[in-house]
Amino acid sequence: MNMGTILAAAVLAAQAGWAEEVRVYNWSDYIDEDLLAKFEEETGYELIYDVFDSNEVLETKMLAGGSGYDIVVPTGTFLQRQITAGAFQPIDPAKLSNFGNLWDLVLDRTDIYDPGGLYSINYMWGTTGLGVNVARVTELLGEDAPVDSLELIFDPANMEKLAECGVHFLDAPTELIPAALQYIGQDPNSKDEDVIAMAEPVLTAVRPFVQKYHSSEYVSALANGDICVAFGWSGDILQSRDRAVEAENGVEIVYSAPVEGAQMWFDQMAIPVDAPNPDGAHAFLNFILDAENMAAASNYVYYANGNLASQEFLVEDVIGDTAIYPDAATLETLYTITPYDARTQRTVTRMWTRIKSGT
């Protein structure tokens, strides 16, 4: 065998090896890891599963191209912008025998980001709201503490007292700015820079009392009693609640979607336009779309999902908890947001930097 033949064989072998891998990039602490092994056993693919904890980290990889991933999981607003940028390839429903399990209610809501569901399927959805250590907060603010209101975190008088026991905010301008606008009676989805600017004094006023801006550390901090309030994602806070119960540490955590209205978010699985293994990507999507697999994921992470067929397999603690699957009245108060254009995004990014740095 000559050198050229050897090299060609080596390239083919490498390509064959690569094709047998499926590379997934998902949020941290966001799946029952038993499902990862189950996928490998059922499909024969080797699964490379990496995690991130902010949309901004994922978006940097996506817009640079060549991420090397077959499946990524952006939130709806980021997905929409990345679709516009040509970052994804269409999903082929013919390769998804479980496609019919998707839930019309969620499809209708995610249509704003991905019209017709051409590029993505919903993985999980939820709300952004308040995680509260009930005992500590009532100790500091009294029995009538507004634990289900944005007043808890946006009234400086409350926050000054809560600083004693610790408050974390998401490091996510697309969550905090809309919430601040909602609090002052403005459109949380406004793209008017003058309206968006109204959020800055609200957030700046409480900045001195925020211990940390981080999009994952609050989960353990709440559960351990290291902080008493977090503005975060519903499923994360419910994980904190359950970890505290399991630890029997006396910490009671309650999650509330703010009475003023909460942002409804959707994490969508999509296939990058340059995915090395599109067939493997579809195999992973179809595996996740299986009703029992999707239920296992939700039962583990305590998030709602976009799979109607999975609901019969959800444990009562998930399907019966209105903090996870909101009742009709709460659904009416929830809002969604769409992406900022590039110019407005730059303004928002600068504003967020000012807010976090306190300058």
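Cys-228 is buried in this predicted model, with a relative accessible area of just 1%. Its partner is Cys-165: the two form a disulfide, with their sulfur atoms 1.9 Å apart. A search of the whole structure turns up 1 disulfide, so that pair is a handy place to start, since it ties together parts that are 63 residues apart in sequence. After that, here's a look at helix 9 and at two buried polar residues, Asn-55 and Gln-82.

**The disulfide**

- Cys-165 sits in the loop between helix 8 (156-162) and strand 5 (167-169).
- Cys-228 sits in the loop between helix 12 (218-224) and strand 7 (229-233).
- Like Cys-228, Cys-165 is buried, and its relative accessible area comes out at 6%. With the cut-off for buried at under 20%, that settles the call for Cys-165 at 6% and for Cys-228 at 1%.
- As for handedness, the torsion about the S-S bond of Cys-165 and Cys-228 is about 60°, so this disulfide is right-handed.

**Helix 9**

- Helix 9 covers residues 173-183, and 10 of its 11 residues are buried, so the helix is largely enclosed by the rest of the structure.
- The buried set has a run of residues from Pro-173, Thr-174, Glu-175 and Leu-176 through Ile-177 and Pro-178. Ala-179, Ala-180, Leu-181 and Gln-182 are buried too.
- Just past the end of helix 9 comes Gly-185, which takes a positive phi of about 80°.

**Asn-55**

- Asn-55 belongs to helix 3, which spans residues 55-64.
- Asn-55 is buried, at 7% relative accessible area.
- Leaving aside residues up to four places away in sequence, Asn-55 touches Trp-27, Pro-74, Thr-75 and Phe-78.

**Gln-82**

- Gln-82 is found in helix 4 (residues 76-84).
- Its relative accessibility is 0%, so Gln-82 counts as buried.
- The side chain of Gln-82 has a polar contact, at 3.1 Å, with the side chain of Glu-59.
- Glu-59 also shows up among the residues that Gln-82 touches, along with Met-62, Leu-63, Pro-74, Ala-87 and Phe-88; residues up to four places away in sequence aren't counted here.
- Pro-74 turns up in both contact lists: it is touched by Asn-55 and by Gln-82.

Technical notes:
Residues are numbered from 1 along each chain as its sequence is written. This is a predicted model: local features need pLDDT of at least 70, side-chain atom pairs count only at pLDDT 80 or more; totals for chains, interfaces and linings use all residues. Side-chain values use heavy atoms; hydrogens and water are left out. A disulfide is a pair of cysteine sulfur atoms within 2.5 Å. Helices (H or I, at least four residues) and strands (E, at least two) are DSSP runs, numbered from the N terminus. Buried means under 20% relative accessible area, exposed over 50%, partly exposed in between (1.4 Å probe, protein chains only). Contact means heavy atoms within 4.5 Å. A polar contact is a pair of N or O atoms within 3.5 Å; within protein, one must be able to donate a hydrogen and the other to accept it, and residues adjacent in sequence count only if both atoms are side-chain atoms.
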